[in-house]
Amino acid sequence: MGMTNDECRMTKEQRVRTGAAHRAGVLRFRHSSCVMRHSALTVLLLTLTSCIEPNIRTVRHREVAAAEPARAEAALRSYGCIDCHVIPGIRGANSFVGPPLTSWAERRYIAGRLPNEPEHLITFLVNPQVVKPGSAMPATGISPEEARDVAAYLYTLR
Amino acid sequence: MRACPRRRAVPWLLLVGCSLLAGCVGTGAQDMLAPRGPQAQRIAEWFWVSTALATVIFLVYCALLGYALWRGRRNGDANELPPRHGQNLVVWGGLVVPTVVLLGLLVYSVVTDRRLATLGGDSRADLLTIEVIGHQFWWEVRYRDPGNPWREFLTANEIHIPVGRPVRFILQSRDVIHSFWVPNLHGKTDLIPGRLNQLVLQADHAGTYRGQCAEFCGIQHAKMLFLVIAQPEPEFAAWWDRQLQPAPAFTDPVLARGHDVFMQNGCGICHAIRGTEARASVAPNLSWFGLRRTLAAGVRPNTRGHLGGWIADPQGVKPGNFMPAISLESEDLQALLSYLHALR
């Protein structure tokens, strides 16, 4: 420990320059305890980081090609989606006739049938009765292009 | 010195306010400043004339006030008008000019009102007559034909009129006070329980205009809309003829099933479909429903998705309306949607 008191202790001038935390005395170390506290702090921080729960659900980012999520709202409104589903971010879409579409990106299946992939979702949106005959969800008349935008929007819901 | 923040906000507020107002001026489907008939035209004229006049008076007033302040500050107390001048100012500025201006406006109002009220002339009973009955929260529409009562029919929330001739509306209410307002065509007229009100209007241009209940009538007042569709005479006549047809007896299994679902689940207790055993008039008449452009009194476009949502959960779309949700098997729901939209 070749450190002198003066080196470890900050000068008054430095303290004034370095803001509130320093002024509170946090960095006013003394000689040998200076290094020890440093290591203790490091260990403590490392221990704390392990407390943060890692996100074990690895949400894949699904890209919908040639789609614009911002255009989805108009389609969601004009085809009646909002009258049956809760859709986060769409005002007035708060009905529970069909399943809520919250956290859509994390769903594993579409209508309990198809794996939740963009192409499947678009197929289902355009013609739900083919994917799941007899479902209460009607063919709304949405075009494949509009369904693409809607799918892109739904995958932003995490 | 820093300017007072409130004072600095004033120009911004003015700017925002003016832009918002400018947004009101347009060619919308529900816009009194986009007149599409002679009466709305006169109302719009009146509006612009009185607004212009009020603006001029306001500016003159501001100029006089500014002049007085400027002169007062320059000359101090030694600046009193001779009594005679002061008297003249009061007599002219406070009596003569306002009397002339207000009388002029009054005469203009009366003339405008007379012209609004005399559309259709003296033989109004001969005009095409449409009865509109206000309900919470929808519009019952009955087309009259005194010569041929079998050519009369009922519909709801969508009023077709021929372009270019006056049409007489007889307005009444089944429950509370409503008000019939199609801003592109005319001013408001109330529908009052126990009274018949009359309104004659005319559309000079074909088009679809939106109307709105303009008298608070309950929880879904804001969602009590209707459409007025002005169309050329032949189209209008064809539409009328179509409305007189009974619903076809469908042989397609899905449509036949839809018909049965409608009849067996109590829809016919409130609704009617011409040509079927459903004949009630508690709720909108659904004859040729597939031809309608909107559903739930103008609140939603009449698409399969919206119709499904509306039937499955009407209270979700219009909380407090009188349509109950009916539990249907999903395949019955699909058949019902197909059936209602096949009525076209």
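In which helix of chain B is B:His341 found? In this predicted model, B:His341 belongs to helix α8 of chain B, which covers residues 330-342. With a relative accessibility of 17%, B:His341 counts as buried, because the limit for that class is under 20%. Leaving aside residues up to four places away in sequence, B:His341 touches B:Phe289, B:Gly290, B:Asn302, B:Thr303, B:Arg304 and B:Leu307. A further relation links B:His341 with B:Trp288: the two are 53 residues apart in sequence, while their C-alpha atoms are 8.3 Å apart in space.

B:Trp288 also appears in the surroundings of another helical residue, B:Gln243. B:Gln243 is located in helix α4 of chain B, residues 233-244. The relative accessible area of B:Gln243 is 3%, and the residue is accordingly classed as buried. Apart from residues up to four places away in sequence, the residues touched by B:Gln243 are B:Phe153, B:Thr155, B:Arg274, B:Ser287, B:Trp288 and B:Leu291.

Chain B as a whole contains eight helices and twelve strands. Its radius of gyration is 28 Å, well over the 20 Å given by the globule rule for 344 residues, so chain B is more spread out than a compact globule. Along the principal axes, the C-alpha trace of chain B spans about 100 × 60 × 35 Å. Buried residues make up 42% of the 344 residues in chain B. Of the contacts in chain B with a separation of 6 or more, 63% are accounted for by residues 24 or more positions apart. The surface exposed by chain B is about 18700 Å², and 62% of this area is supplied by carbon and sulfur atoms. Chain B carries 33 positive and 26 negative charges, and the mean positions of the two sets are 11 Å apart.

Two loops of chain B show notable backbone geometry. In the loop between β1 (128-135) and β2 (138-143) lies B:Phe137, and the peptide bond leading from B:Gln136 to B:Phe137 is cis, with omega near 0 degrees. The loop between β11 (294-295) and β12 (300-301) holds B:Ala297. Although B:Ala297 is not a glycine, its phi is positive, at about 60 degrees. B:Ala297 counts as buried, at 1% relative accessibility.

A positive phi is also found in chain A, at A:Ser103, where the value is near 50 degrees in a residue other than glycine. A:Ser103 is placed in the loop between α5 and β1 (109-110) of chain A. Its relative accessibility is 29%, and A:Ser103 therefore counts as partly exposed, a class that lies between the 20% and 50% limits.

The secondary structure of chain A consists of eight helices and two strands, arranged along the sequence in the pattern α-α-α-α-α-β-β-α-α-α. Buried residues constitute 30% of the 158 residues of chain A. Among contacts in chain A between residues at least 6 apart in sequence, 47% join residues at least 24 apart. The accessible surface of chain A is about 10100 Å², with 60% belonging to carbon and sulfur atoms.

Helix α8 of chain A, residues 144-154, has as its buried residues A:Ala147, A:Asp149, A:Val150, A:Ala151, A:Ala152, A:Tyr153 and A:Leu154. These buried residues of α8(A) pack against two other helices of chain A, α5 (72-78) and α6 (118-126).

The two chains also meet each other. At their interface, 15 residues of chain B are in contact with 18 residues of chain A. The area buried between chain B and chain A is about 1100 Å², and carbon and sulfur atoms give 55% of that area. On the chain B side, B:Gly305, B:His306 and B:Gln334 lose the most area to chain A, together contributing 36% of what that side buries. Of these three, B:Gln334 falls within the residue range of helix α8 of chain B, 330-342, the helix in which B:His341 is found.

Methods. Residues numbered from 1 in each chain as written. Chains lettered and ligands numbered in written order. Predicted model: local features only at pLDDT ≥ 70, side-chain atom pairs only at ≥ 80, totals over all residues. Heavy atoms only, no water. Helix = DSSP H or I, 4+ residues; strand = E, 2+ residues; numbered from the N terminus. Rg over C-alpha atoms; globule rule 2.2 N^0.38 Å. Buried < 20%, exposed > 50% of the residue type's maximum accessible area, 1.4 Å probe, protein only. Contact = heavy atoms within 4.5 Å. Areas by Shrake-Rupley, 256 points an atom, 1.4 Å probe, with all protein chains shown as cover. Lys, Arg positive; Asp, Glu negative; His and termini not counted. Charge placed at Lys NZ, Arg CZ, Asp CG, Glu CD. Buried area = accessible area lost by both parts, 1.4 Å probe.
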